[in-house]
Amino acid sequence: MSTLAHPFVSRPRSAATARRPSLRLAISVALCALALAGCVTNPVTGRSELALITPAQEIRIGEQNYVPAQQSQGGQLASDPELTAYVNEVGQRMARTSGVELPYEFVVLNNSVPNAWAMPGGKIAINRGLLTELDNEAELAAVLGHEVTHSAARHGAKAMQRGIFLQGALVTTAVISQRKTEYANALVGAAQVAAGLISTKYGRDAERESDLYGTRWLADAGYDPMAAVTLQETFVRLSKGRPTDWLSGLFASHPPSAERVENNRRQVEELRAQGLIRPDAELGGERYQAALARTRARLPAYKAQDEARKALADKDVDGAVAAITRALRAAPGEASFHGTRGDIRYQQQRWDDAVTNYTRAIERDDAYYHYYLGRGMATLKRSGRDAARSDLERSVRLLPTATATNELGKIAEAAGNRDLALRYYESAAGSQSAAGAEARGRFLVLDLARRPGEYVKTQVRLTEQGAPVLLIANATDMALRDVVVDVELTWESGQVDRLQRGLRALSARGQMSVRLPQREMRLARQASRVVRAAPAGR
């Protein structure tokens, strides 16, 4: 899946990968999961299956992650709500035909990449870029029926279960580590889980099942099931010679092939031989073209926007300005065009203009995180932190990113609210972006002052000659200064020595020893406690 990055979300070089636990822990978690698991009957195939994730949990996972997933892929297409209503109507028709009751939802995302995805619990999305490649309503129903099958047949849940056994980790951790996603390093918290859920790559069996039942349901819903064949033929044709952003969308998670075309064709022939295709089976070409008319008319403008984003990524600011200007002239009511102009002005360091452009975007679509994040970051440059807080907070409520949470941490720290700053920094620290790295450093500085013993380890040992020494080790990747340790030595006589020892400097991951007083008797007990430590250079 691919979405153009913006100036405030770092484009990751690799996927965010969860730490793998030890083999012993992996086995323990898997055994616990088996002990708690039960068997359920798959509502689509009728087969008995192991269920580590219950149907109720699937629904909850979908509900919790649906909005963050939409936000991470461009947000809903606010400029054409009638199209979304139409897509939802077709999707609900396919969902009813499936016979599997779930709280199905269908939305259209403002994204040029041809893609569609399904979450557990019936939460489904289709990109604008895929809709403009389809010819009729039956092909749309074929796409949505395929995604309905993924949800109804529990393909997402089973993928998460495989992650549990393969990694011996929690469901969310397993999902995050399964696939590379463009946003993986920039998102934090629940947003990382959502990104992992929508980038799940299904196995061949799951794809076959979705093709099989999706085609059957097309016929049951009154559509011409040949649309499943023409759809796959279109995908095969489009996948040839297309740029990477296409292949990272639908074709990465649902790879087209001549085999799938022929499988669908055989399925249609069987349905016809069984008399299961209605004589008046629909294609719905006119209805589809009418529903798509507004968005299709804006297709040249969306292409100009894509050119602007590519030019901006390539540091061709003049080319980006020219392209987005064409887009805005064609469709001044499209919020994302104003948002892209804001990105350009931000890169030009024209903070006032950037704020104006992001504000225009918000006036046209007040439910997309990027516009609030952009305006908040531009406001930081122009007016200071307090003025930016509300925009950054709004962006985090829609989609938590390391950029926003790190800046909110700085605002809280400047206001003297260390506890709040630590919470923000801790959230941002989960990202592998530059903002995440900065947040980890800032968290360490604040937490070091509060809990120095968590980062500096001490121990009293005896040399071969029986002399006590204090070992001081820096467990961080940051050089430290002014390390102070309280030491208590209790000798066999009962005499107690209480003293402080310290170091002026201690290198990152470094260790040093400090001599302690020695008496002519054996040491009975010892204790040491780090009192203070500070980052070097501060």
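## A buried glutamine in helix 13

At 8% relative accessibility, Gln-267 counts as buried, because the cut-off for burial is under 20%. Gln-267 belongs to helix 13. The model is a predicted one. Beyond its neighbours within four places in sequence, Gln-267 touches Leu-212, Thr-215 and Arg-216.

Those three partners also take part in a helix pair. Leu-212, Thr-215 and Arg-216 are among the helix 9 residues in contact with helix 13.

## The packing of helix 9 on helix 13

Two packed helices are described by an angle and a distance between their axes. Here, helix 9 spans residues 204-220 and helix 13 spans residues 258-273. Their packing angle is about 35 degrees. Their axes lie 10 Å apart. The crossing of helix 9 and helix 13 is right-handed.

Which residues make the contact? Helix 9 supplies Arg-204, Glu-207, Arg-208, Asp-211, Leu-212, Thr-215, Arg-216 and Ala-219. Helix 13 supplies Glu-259, Arg-260, Asn-264, Gln-267, Val-268 and Leu-271. By class, the residues of this contact are four nonpolar, three polar and seven charged. The buried Gln-267 is one of the helix 13 residues in the contact.

## The chain as a whole

The chain has 538 residues, and buried residues make up 54% of them. It holds 23 helices and eleven strands. Take the contacts between residues at least 6 apart in sequence: 67% of these join residues at least 24 apart.

The exposed area of the chain is about 24,500 Å². Carbon and sulfur atoms supply 49% of that area.

## The sheet of strands 6, 7 and 10

Strands of a sheet pair through backbone hydrogen bonds, in either a parallel or an antiparallel sense. In this open sheet the order is 6-7-10, and the pairing is antiparallel. Strand 6 and strand 10 are the edge strands, and each pairs on one side only. On average, neighbouring strands here are turned by 25 degrees against each other, direction ignored.

Strand 6 (residues 456-462) is joined to strand 7 by seven bridges. Leu-462 stands opposite Pro-468 of strand 7. The two strands form a hairpin, with five residues between them. In the turn, Gly-466 has a positive phi of about 85 degrees. On to the other pairing: strand 7 and strand 10 (residues 511-515) pair over five bridges. Ala-473 has Gln-511 of strand 10 as its bridge partner.

Why is strand 7 described as largely enclosed by the rest of the structure? Strand 7 covers residues 468-474, and six of its seven residues are buried, so the rest of the structure largely encloses it.

## The sheet of strands 9, 8 and 11

Another open sheet has three strands in the order 9-8-11, again with antiparallel pairing. Its edge strands are strand 9 (496-506) and strand 11 (523-535). Each of these pairs on one side only. Neighbouring strands of the sheet are turned by 20 degrees against each other on average, direction ignored.

Strand 8 (residues 480-491) and strand 9 run antiparallel and are joined by ten bridges. Thr-490 stands opposite Val-496 of strand 9.

## Loops between helices 15 and 18

Which loop holds Lys-315? Lys-315 sits between helix 15 (299-313) and helix 16. Its phi is near 70 degrees, a positive value in a residue other than glycine. At 63% relative accessibility, Lys-315 counts as exposed, because the cut-off is over 50%.

Gly-333 lies in the loop between helix 16 (317-330) and helix 17 (335-347). Gly-333 is partly exposed, at 37% relative accessibility. Its C-alpha atom is separated by 6.9 Å from that of Arg-364, although the two residues are 31 residues apart along the chain. The loop between helix 17 and helix 18 (351-364) contains Gln-349. Gln-349 has a phi near 65 degrees, positive in a residue other than glycine. Gln-349 is exposed, with a relative accessible area of 55%.

Technical notes: Residues numbered from 1 in each chain as written. Predicted model: local features only at pLDDT ≥ 70, side-chain atom pairs only at ≥ 80, totals over all residues. Heavy atoms only, no water. Axes fitted to C-alpha atoms, helices over the stretch in contact; angles between N-to-C directions. Helix = DSSP H or I, 4+ residues; strand = E, 2+ residues; numbered from the N terminus. Left-handed = near helix turned anticlockwise from the far one by under 90°. Contact = heavy atoms within 4.5 Å. Nonpolar A, V, L, I, M, F, W, Y, C, P; charged D, E, K, R; others polar. Buried < 20%, exposed > 50% of the residue type's maximum accessible area, 1.4 Å probe, protein only. Areas by Shrake-Rupley, 256 points an atom, 1.4 Å probe, with all protein chains shown as cover. Pairing = 2+ DSSP bridges.
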